Amino acid sequence: MAAQGSRISSMPSLSPLLRTHGRHSTRRPISFSLHISQSPPLSSYSFSPFTEKHSVERHSRESWLYKGDAASPSDNSLPSPYESYSILRNDIALQLPELKNLLQVLRDKRHQLHDCDGAGEQCRHGNVYLVGTGPGDPELLTLKAVRVIKEADLLLYDRLVSHDVLDLVGPDARLLYVGKTAGYHSRTQEEIHELLLSFAEAGATVVRLKGGDPLVFGRGGEEMDFLQQQGIHVKVIPGITAASGIAAELGIPLTHRGIANSVRFLTGHSRKGGTDPLFVAENAADPDSTLVVYMGLSTLPSLAQKLIHHGLPDDTPAAAIERGTTPQQRIVFAELKDLARKITEAELISPTLIIIGKVVALSSFWHHSAEEVTSMMVEAK
C-alpha cells in the first residue's frame, strides 16, 4: 500500500511538549528509548501477512516519519538483516521530529475547527479507541472497527495487525508502528502510553490497533487505565480473539456438551519478574476442559510435561496453528506427548496458538497431515 497521506513539510521545530498528568503538569521533552536484547531472527524475513519488524510495507506506510533514503527501503527489495537492523536502531531518533510536527498540526487543526482557546472540553482532549482486529483475516473485523479505522487521525498498530487490515486506513491518517516481539520492542509500554496521551491531548482521534481482542492478552486494560486516569475518554471496540477465530476456522468447538464443559486461556509469557506461567498446570490439567495457550511456543515443552504429570492423558488431542485464519496458516495436529516435537519439526514460528483438549479431535482435519490441512483450507477461502 502506498504511504498514507502527504508528507508533513516546512513545519517549525517545537519546544518540549507540555504534559498534563491528572492534576499535575510537568514540562519535559517527549522521550523514547529503544530496547533490543538480541539481533533479529532471520526467520522473520519469510513472507507474512503481519507487520513484521523488517517489513518493507511497514516502512512504506510510515514514510512520512523518515527523512533520507537510508531510512526507507525501496519497495522492490527487502533490506539485508543488518541494514534493516541498523535502520530500526535509529527509528526513534528519525521519528521524533515528525511526531512533534504532527502534534502541532493536530493542535492547529483543532483550534481552526472549533475556534477555541483551549478552555472548552472539545478543545482539550481527543478520543482514544482500543480496536481489536481479530486473528488476521480482515473479513473478521466488526463494522464499528472498520468505521473507526477509516476515521482516525493517528493509528498506533501492533505486529499482529495484518497488512490487509492496514489497507483500510484513511488516506489522510498517519500510521505508527509500536509492535513487540521476542528480543525486540520498538517501544516500551510506557512510551506507548505517552504517545496515546500526547496525541489525545492534542485533540486527535487516536486508534490503538491490536491483534485479536484488545482486552485478551493485549495489555489494553493497562492502556485504558492509564488514559482514564489522565482524563482521556477511551472506547474499546472488541475483536475476535485468536482462540475463537482460529478454533472456528478449524471446526474445533472450544466447549462441547459431554466433552468439554469449560475453556481456559493461558499465556506462555510471564511478566518480567513475575510468576512462572506454568504454575497453573496443576489446575489446568482437566480432561473435561479445553486449554488454549497464547504465545506458548517456548514454554510448551515444559507445560506439556507438567500437564501430563498432573494427570492430563498424554494422548490428549492438540493442535498448534501458526498465522491462523490467513492464507499463510500452518497447522500441526498431534497428541499432547508429541506436540512439542512436531512443532519443532515443522519449524512453526510466532504467532502460533496452541489448543489442547478432546474437542480438537472433533475437527474434520484431525486425521490429516499439516500440509493437507493447510492446502484444503487455502482452497476453501
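**Reading helix packing and odd backbone spots**

Reply: Of the 381 residues in this chain, 49% count as buried. Keep in mind that the model is predicted.

Me: OK, what's in it overall: how many helices and strands does the chain have?

Reply: There are 13 helices and 15 strands. Residues 24 or more positions apart supply 72% of the chain's contacts with a separation of 6 or more. As for the outside, the accessible surface is about 17,800 Å², and carbon and sulfur atoms own 51% of that.

Me: Now helix pairs. At what angle do α11 and α12 pack?

Reply: Angles over 145 degrees count as roughly antiparallel. Helix α11 (residues 300-309) and helix α12 (residues 336-346) pack at about 175 degrees, their axes 9 Å apart, so α11 is roughly antiparallel to α12. On the α11 side the contact uses Leu300, Pro301, Ala304, Leu307 and Ile308, and on the α12 side Leu336, Lys337, Leu339, Ala340 and Ile343. By class, that contact has nine nonpolar residues, no polar ones and one charged.

Me: And how do α7 and α8 pack?

Reply: Helix α7 (residues 189-201) meets helix α8 (residues 220-229) at about 45 degrees, with axes 10 Å apart. That makes α7 oblique to α8, and the crossing is right-handed. From α7 you get Gln189, Ile192, His193, Glu194, Leu196 and Leu197; they touch Glu222, Glu223, Phe226 and Leu227 in α8. Here the split is five nonpolar, two polar and three charged.

Me: How should I read the spacing of residues along a helix?

Reply: An α-helix has 3.6 residues a turn, so residues three or four places apart point the same way. Now take helix α9 (residues 242-250): its buried residues are Ala242, Ala243, Gly245, Ile246, Ala247 and Leu250. Right after α9 comes Gly251, with a positive phi near 70 degrees.

Me: Which residues other than glycine have a positive phi?

Reply: Two to look at are Arg219, with phi near 60 degrees, and Glu347, with phi of about 60 degrees. Arg219 sits in the loop between β9 (206-210) and α8, while Glu347 is in the loop between α12 and β15.

Me: Is Glu347 buried or exposed, and what about Arg219?

Reply: The cut-off for exposed is over 50% relative accessible area. Glu347 has 59%, so it is exposed. Arg219 has 37% relative accessibility and therefore counts as partly exposed.

Me: Last one: where is there a cis peptide bond?

Reply: Look at omega: it is about 5 degrees for the cis bond joining Ser350 and Pro351. Pro351 lies in the loop between α12 and β15 (352-356).

Conventions: Residues numbered from 1 in each chain as written. Predicted model: local features only at pLDDT ≥ 70, side-chain atom pairs only at ≥ 80, totals over all residues. Heavy atoms only, no water. Axes fitted to C-alpha atoms, helices over the stretch in contact; angles between N-to-C directions. Helix = DSSP H or I, 4+ residues; strand = E, 2+ residues; numbered from the N terminus. Parallel < 35°, antiparallel > 145°, perpendicular 65-115°, else oblique. Left-handed = near helix turned anticlockwise from the far one by under 90°. Contact = heavy atoms within 4.5 Å. Nonpolar A, V, L, I, M, F, W, Y, C, P; charged D, E, K, R; others polar. Buried < 20%, exposed > 50% of the residue type's maximum accessible area, 1.4 Å probe, protein only. Areas by Shrake-Rupley, 256 points an atom, 1.4 Å probe, with all protein chains shown as cover.
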